[in-house]
Amino acid sequence: MSFDALLWLSFGGPEGPEDVRPFLENVVRGRGVPPERLDEVEAHYQHFGGVSPINRLNLEAIDAVRAAGLDLPVYFGNRNWHPMAEDTLGKMTSDGVRRALVFPTSAYGGYSACRQYDEDILRARAAVGDDAPELVKLRQFFDHPLFISSFADAVRAAGAELTGPYRVVFTAHSVPVSADKAAGPPADGGHLYSRQVAEASRLVALELGLTEYDVVWQSRSGPPQIPWLAPDIVDHIDALHADGVRGVVVVPIGFVSDHLEVVWDLDTEARERAGELGMEFARAATPNSDPRFAELVVELVREHTEGLEPRKLSSFTSLGCTTDGAFCALLCCELAKRPVRS
Ligand SMILES: CC1=C(CCC(=O)O)c2cc3nc(cc4[nH]c(cc5[nH]c(cc1n2)c(C)c5CCC(=O)O)c(CCC(=O)O)c4C)C(CCC(=O)O)=C3C
Ligand SMILES: [Fe+2]
């Protein structure tokens, strides 16, 4: 069966100082994030004039995908900020789209990185009603050779900025330990998100011939008493320094673009900590700005429409390909009871 369009589905980010609070309220609705944490994160956004680079970066990536020869019209919609996925889907419907592929801007499984994009699809289709197009989401791509080689080259380039030896440290967005445990089909033993992050990091390290590297976490949210994946990147820089390491290359393997969690948590906080300790610091670029990322998207589309063999560097399953927001497998990435705030 053929498709009429591609929906580029992302997180969204504020475009000015007044957008920041309502954007954050959208992100954390019903998730038990304490107001103190929200104030802190609001300050990070306001530090950059209330503008996240994420929307601009998505539009640039979409232009690159068009230039790479995708023969479908591309639409852009977000979970948390304008253009909202439901508004975009309304436009697609009135343009006559009946069946669309969806590219989610996340390479991994897990609730936040995969299942929540299915929930966005469910919400958008419900908002549009009976005429909503069928939406088929593309698979997870954490071990795609174009994703891995893009990061490997970015690590080489970042390393070349430093004068001495350095440690390579991969980082991804932390999630609650309970969410990671629930990631993937229950029969597979859970922890799909952290296992895929570890695997992508291993594949990049392998391409670089590295024997030593670390995988750590960043951007922890939620109440302090709830355990999240650790160690945090900033604490880890302290630990490396105590071990005598004098240079670090930080690799945001968990993200596809240099959005605010990268430019604040890594380029600002982690870099500052390394500076205080007298360590050399460089941060590897994310794939968004690399032409291989556009190629990757075009390839995922062709893989699906032409039934090509998936290109994968690991034997891990790549789930996430769903129709109309269905679960990948029974209870895949279903969160245990979450603390709910009204
Ligand atoms: C796994 C994961 C990814 C990677 C997968 C993917 O890329 O989709 C990701 C991406 C992103 N996270 C982002 C921003 C935020 N995430 C938050 C909060 C949270 N993230 C979580 C997880 C993830 N998040 C979780 C478990 C929470 C707790 C609340 C909840 O359970 O939902 C909050 C609330 C404030 C706070 O940090 O407490 C903000 C502002 C931005 C946009 C940056 C920009 O604006 O440029 C992006 C791309
Ligand atoms: Fe997040």
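How many residues surround ligand 1, and which are the closest? The answer is 25 residues, and the closest are Gly13, Ser52, Ser221, His259 and Leu260. A residue counts as near the ligand if its C-beta atom, placed from the backbone, lies within 6 Å of it.

Some ground rules first. This is a predicted model, in which local features need pLDDT of at least 70 and side-chain atom pairs count only at pLDDT 80 or more, while totals for chains, interfaces and linings use all residues. Residues are numbered from 1 along each chain as its sequence is written, and chains are lettered from A and ligands numbered from 1 in the order in which they are written.

**The shell around ligand 1**

Four helices, H1 (20–28), H2 (35–47), H5 (111–128) and H10 (260–263), each supply at least two residues of this shell. H1 gives the most, with three residues. Helices (H or I, at least four residues) and strands (E, at least two) are DSSP runs, numbered from the N terminus. By type, the shell divides into eleven nonpolar, eleven polar and three charged residues. Here Ala, Val, Leu, Ile, Met, Phe, Trp, Tyr, Cys and Pro count as nonpolar, Asp, Glu, Lys and Arg as charged, and the others, Gly among them, as polar. Domain 1 (5–141 + 289–306) and domain 2 (145–287) each provide at least three residues of the shell; the domain bounds come from an automatic or database domain assignment.

**Annotated positions**

An unreviewed UniProt entry carries the annotation "binding site" at Ser52 and Tyr117, and UniProt also places a "binding site" feature (unreviewed entry) at His173 and Glu261. His173 and Glu261 span 89 residues in sequence, yet their C-alpha atoms are no more than 8.5 Å apart, so they gather at one spot. UniProt positions are given in the numbering used here, feature names are shortened, and annotations may be inferred rather than shown by experiment.

The table gives the burial of these residues. A residue is buried if 20 or more other C-beta atoms lie within 10 Å of its own, exposed if 12 or fewer, and partly exposed in between, with C-beta atoms placed from the backbone.

| Residue | C-beta neighbours within 10 Å | Burial |
|---|---|---|
| Ser52 | 24 C-beta atoms | Ser52: buried |
| Tyr117 | 24 C-beta atoms | Tyr117: buried |
| His173 | 23 C-beta atoms | His173: buried |
| Glu261 | 22 C-beta atoms | Glu261: buried |

Contacts fill in the picture: two residues are in contact if their C-beta atoms, placed from the backbone, lie within 7 Å. Ser52 sits in the loop between H2 and helix H3 (54–67). Leaving aside neighbours within four places in sequence, Ser52 touches Gly13, Pro14, Tyr45, His259 and Leu260. Tyr117 belongs to helix H5. His173 is part of strand E5 (residues 167–173), whereas Glu261 is in helix H10. Beyond four places in sequence, the contacts of His173 are Gln218, Ser219, Gly254 and Glu261.

**The nonpolar core**

A nonpolar core is a set of buried Ala, Val, Leu, Ile, Met, Phe, Trp, Tyr and Cys residues joined through C-beta atoms within 7 Å. The largest one has 97 residues, of which Phe151, Val155, Val204, Val248 and Val251 touch the most other members. Helix H6 (residues 145–159) gives the most to this core, with eight residues. Because domain 1 (5–141 + 289–306) and domain 2 (145–287) both give residues to this core, it lies between them.
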